[in-house]
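Here is a short tour of two spots in a protein model. Have a look at the sequence and the structure first, and then read on.

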Amino acid sequence: MFVVLYVDLVMARKMLNDDEMNKPSEEEAHYDFDLFVIGAGSGGVRASRFSAQYGAKVGICELPFHPISSEVSGGVGGTCVIRGCVPKKILVYGANFGPELEDARNYGWDVNERPNFNWKTLLHKKTEEIVRLNGIYKRLLANVKLFEGEGRVIGPNEVEVIQLDGTKISYSAKNILIATGSRAQRIAIPGQELAITSDEALSLEDLPRRVVILGGGYIAVEFASIWRGMGAKVDLCFRKELPLRGFDDEMRAVVARNLEGRGINMHPCTTLTELAKTEDGIRARTDHGEDLLADVVLFATGRIPNSKRLNLEAVGVELDKTGAVKVDEFSRTNIPSIWAIGDVTNRMNLTPVALMEGTFFAKTVFAGEPTKPDYTNIPCAVFCIPPLSVVGLSEEEAIEKANGDIAVYTSSFNPMKNTISGRQEKSVMKLIVDKETDKVIGVSMCGPDAPEIMQGIAVALKCGATKAQFDATVGIHPSAAEEFVTMRSVTRVVPGARKPKTNL
């Protein structure tokens with residue numbers, strides 16, 4: 001009898017505790033939302049969904065959909081889905097078909113005339129796809145209250161949504177998350193209004209015949225490949241000796257060589273000083289005094305955090321000199337109730353990183369599992385043609401950080417497909433190994449399917465794989481990927497910058 005009464009008492013106490021946990025405290029009851037998110041891009045949607053799954057009451061706001069972003073337009077899905085990674089990759093696929101059709105001749109395909117390319121068809125299909133994805137992202141927010149309009153912070157626990165008709169409604173929230181991403185920027189030169197950014201480049205009404213691109217980063221080399229693959233004359237101007245600053249120097253040289261080999265006119269150590277409208281198009285003048293004529297001039301000169309209209313500084317949130325929101329290791333700002341993730345924080349500006357940050361934010365705030373994003377060994381890809389993909393350290397980074405010697409393994413070869421097509425374009429692979437531990441600490445590849453291969457390699461690096469384990473792995477034959485497990489000869493050994501010096 002005593003045992004029964006004791007069990008009943010324990011069960012009753014448990015039910016009472018459960019009920020109390022499910023009820024908001026008097027202090028919290030006045031909040032309209034446990035979480036309000038400003039920005040429904042990849043990071044914002046992920047954080048909202050996961051927070052809702054953990055039991056939070058979540059609201060999110062986003063500007064109305066439009067393929068080209070502005071201060072009053074955006075769309076659920078954000079930059080990546082609507083005017084970034086996804087539509088760009090669709091255009092890369094389209095651009096690949098031109099060279100592929102040329103290569104097909106030696107494989108027995110009778111391609112007597114150059115097939116016609118219809119830009120408007122591809123553009124229409126691209127728009128259909130991003131509209132479809134925009135709808136999918138909206139459906140992912142089934143358990144989140146979605147507001148269409150411009151959001152701004154007006155207090156540590158209060159947001160204001162400016163609706164499409166101009167009316168303003170404020171909501172209180174225990175936590176506010178900023179996930180507004182970034183926006184393309186222009187350089188200030190005479191005639192800058194004649195240039196376009198990547199937003200407009202993805203929605204041009206007509207395919208340009210002549211293009212001048214200013215910039216040497218991801219966007220610049222990707223659009224150079226896209227337009228060249230579709231038959232345009234492309235001039236690529238960039239400030240450094242090689243494009244893709246921040247990547248491994250050896251791989252940067254490979255990309256530059258491939259771009260030139262595909263017919264892109266490279267202008268290293270060059271910038272633009274003026275744009276002017278002429279009867280024959282846009283005249284782009286370089287700092288060397290050269291005039292380049294174009295139908296389109298693309299500024300691929302970086303992106304800036306999208307924080308200008310959020311009213312953050314007025315409520316005390318600290319920003320850096322670029323406008324990026326300053327956060328700690330858990331994505332929290334100096335205001336305890338306000339958090340930020342994704343490109344607006346200018347940490348590592350990649351869509352999968354924003355997804356990671358959104359996931360870990362939800363775990364930290366609503367699952368009781370404080371989790372810091374881990375930025376080591378994050379793979380990435382540049383979708384030029386052929387693509388570059390990397391994970392871990394470049395050779396330059398490895399030398400700078402290493403306490404001992406670095407072993408570098410490289411392989412350069414003509415892909416099997418090219419031996420028949422006749423295309424003169426080598427694939428290049430590279431492994432960086434810490435000699436003391438034998439750990440593989442950096443991997444790079446430029447060549448067909450590099451991103452698909454690198455995703456698997458990234459798992460190995462995340463697990464701490466050694467060169468011996470790479471060597472012990474049986475390759476898939478015939479494939480390019482098998483080269484990563486058959487590189488036996490060291491190309492060079494380089495001492496790390498932190499290696500102790502000796503007079504012996």
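Let's start with D235, which, leaving aside neighbours within four places in sequence, is in contact (heavy atoms within 4.5 Å) with V211, V212, I213, N265, H267 and L292. One of these partners, N265, also shares a polar contact of 3.4 Å with D235, side chain to side chain; such a contact is a pair of N or O atoms within 3.5 Å, where one must be able to donate a hydrogen and the other to accept it, and residues adjacent in sequence count only if both atoms are side-chain atoms.

This is a predicted model, in which local features need pLDDT of at least 70 and side-chain atom pairs pLDDT 80 or more, while totals for chains, interfaces and linings use all residues. Residues are numbered from 1 along each chain as its sequence is written, and side-chain values use heavy atoms, without hydrogens and water.

D235 lies in strand β8 (residues 233-237), and V234 is found in β8 too. Strands are DSSP runs of E with at least two residues, and helices are runs of H or I with at least four, numbered from the N terminus. Buried means under 20% relative accessible area, with a 1.4 Å probe and protein chains only.

| Residue | Relative accessible area | Class |
|---|---|---|
| D235 | 4% | buried |
| V234 | 0% | buried |

Not counting residues up to four places away in sequence, V234 touches V211, I213, A224, W227, R228, I264 and N265. From V234 to G75, the C-alpha atoms are 31 Å apart in space, and the two residues are 159 residues apart in sequence.

Key:
Buried means under 20% relative accessible area, exposed over 50%, partly exposed in between (1.4 Å probe, protein chains only).
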